[in-house]
Amino acid sequence: MSKKKPGTPSNTIALNKKAKHEYHIEERFEAGLSLLGWEVKSLRAGKAQLVDAYVLLKDGEAWLLGSHITPLIAASTHVIADPTRTRKLLLHAKEIAKIVGKVNQAGYTCIPLALYWKNNKVKCEIALVKGKKLFDKRATEKERDWNRQKQRILRETNA
């Protein structure tokens with residue numbers, strides 16, 4: 001196994017950091033993304049946001065709505081660039097059927113978690129999630145703070 005070189009950039013383009021705070025993540029899927037040329041160039045420059053994005057399931061297809069890819073000035077001079085256009089997610093029919101079933105029956109929501117490079121293709125990690133209640137959010141925060149405190153104590157005793 002070859003190890004990553006120290007100067008190599010990560011494969012992650014954009015993360016939806018709010019998702020882990022707002023939702024219980026139940027199941028994850030990897031989807032391809034149908035993009036235009038200027039969008040790929042912008043993603044290479046890291047100009048993407050998934051903050052208010054969500055997945056719409058319609059007519060047996062999955063669509064990514066609300067994601068923002070900022071157009072580069074040099075790359076999109078000859079095209080009218082729409083930064084928040086609806087982009088098609090590429091999934092297998094069985095995966096779409098599974099997601100549609102859970103969303104319709106069990107009260108799940110489907111949201112994007114991350115955009116990343118896999119080989120030379122852009123992939124979108126989507127997840128089936130359930131919303132957290134306020135007390136769940138507080139409990140998660142409390143647990144995170146306790147884990148940080150534990151790490152500090154262990155570091156101080158070992159040093």
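**Exercise 1. Charges over rings**

Over the face of which residue does Arg-44 lie, and at what distance from the ring centre?

*Solution.* The model examined here is a predicted one.
Step 1. A charge is assigned to a ring if NZ of Lys or CZ of Arg is within 6 Å of the ring centre and within 35 degrees of the ring normal.
Step 2. Arg-44 meets this rule with Trp-117: it lies over the face of that residue, 4.4 Å from the ring centre.
Step 3. A further case is Lys-130, whose charged end sits over the ring of Tyr-108 at 4.8 Å from the centre.
Step 4. For pairs of aromatic rings, the criterion is that the centres lie within 6.5 Å. By this rule the count of aromatic pairs is zero.

**Exercise 2. The two faces of helix 2**

Determine which residues of helix 2 are buried, which exposed residues its opposite face carries, and what the buried residues pack against.

*Solution.*
Step 1. Helix 2 spans residues 37-44, and its buried residues are Trp-38, Glu-39, Ser-42 and Leu-43. These four cover an arc of only 140° around the axis, and therefore lie on the same side of helix 2.
Step 2. The pattern can be set beside helix geometry: an α-helix has 3.6 residues a turn, so residues three or four places apart point the same way.
Step 3. On the face turned away from the buried side, helix 2 carries the exposed residues Gly-37 and Arg-44. Arg-44 is also the residue that lies over the face of Trp-117.
Step 4. The packing partners of the buried residues are strand 1 (12-15), strand 3 (48-49), strand 6 (68-69), strand 7 (87-90), strand 8 (109-118) and strand 9 (121-131).
Step 5. As to orientation, helix 2 lies across strands 1, 7, 8 and 9, and runs at about 75° to strand 8.
Step 6. After helix 2 comes Gly-46, with a positive phi near 80°.

**Exercise 3. The seven-stranded sheet**

Give the strand order of the open sheet of seven strands, and explain why strand 1 and strand 4 each have one side without a neighbour in the sheet.

*Solution.*
Step 1. The order is 1-8-9-2-7-5-4, and the pairing is antiparallel.
Step 2. Strand 1 and strand 4 (54-58) stand at the edges; each has a single partner strand, so one side of each is left without a neighbour in the sheet.
Step 3. Ignoring direction, neighbouring strands of this sheet are turned by 40° against each other on average.
Step 4. The pairings can now be examined individually. Strands 1 and 8 run antiparallel and are joined by three bridges; Leu-15 has Ala-114 in strand 8 as its bridge partner.
Step 5. Strand 2 (residues 23-33) runs antiparallel to strand 9, with nine bridges joining them. Here His-24 stands opposite Lys-130 of strand 9, and the charged end of Lys-130 sits over the ring of Tyr-108.
Step 6. Strand 2 also pairs with strand 7, in the antiparallel sense, over two bridges. Leu-33 stands opposite Leu-89 in strand 7.

**Exercise 4. Accessibility and separation**

Classify Lys-94 and Ala-159 as buried or exposed, and state a C-alpha separation for Lys-94 and for Ala-159.

*Solution.*
Step 1. The exposed class requires over 50% relative accessible area.
Step 2. Lys-94, in helix 3 (residues 93-105), has 75% relative accessibility and therefore counts as exposed. Its C-alpha is 41 Å from that of Trp-146, with their positions 52 residues apart in sequence.
Step 3. Ala-159, in the segment after helix 4 (134-158), counts as exposed because its relative accessibility is 87%. Ala-159 and Lys-121 are 38 residues apart along the chain, and their C-alpha atoms are separated by 45 Å.

Conventions: Residues are numbered from 1 along each chain as its sequence is written. This is a predicted model: local features need pLDDT of at least 70, side-chain atom pairs count only at pLDDT 80 or more; totals for chains, interfaces and linings use all residues. Side-chain values use heavy atoms; hydrogens and water are left out. Buried means under 20% relative accessible area, exposed over 50%, partly exposed in between (1.4 Å probe, protein chains only). The arc is that of the directions from the helix axis to the C-beta atoms. Contact means heavy atoms within 4.5 Å. Rings of Phe, Tyr and Trp (its six-membered ring) pair if their centres lie within 6.5 Å; planes under 30 degrees apart count as stacked, over 60 as edge-to-face and the rest as tilted. Two strands pair if DSSP finds at least two bridges between them. Axes are lines fitted to C-alpha atoms, for helices over the stretch in contact, and angles run from 0 to 180 degrees between N-to-C directions.
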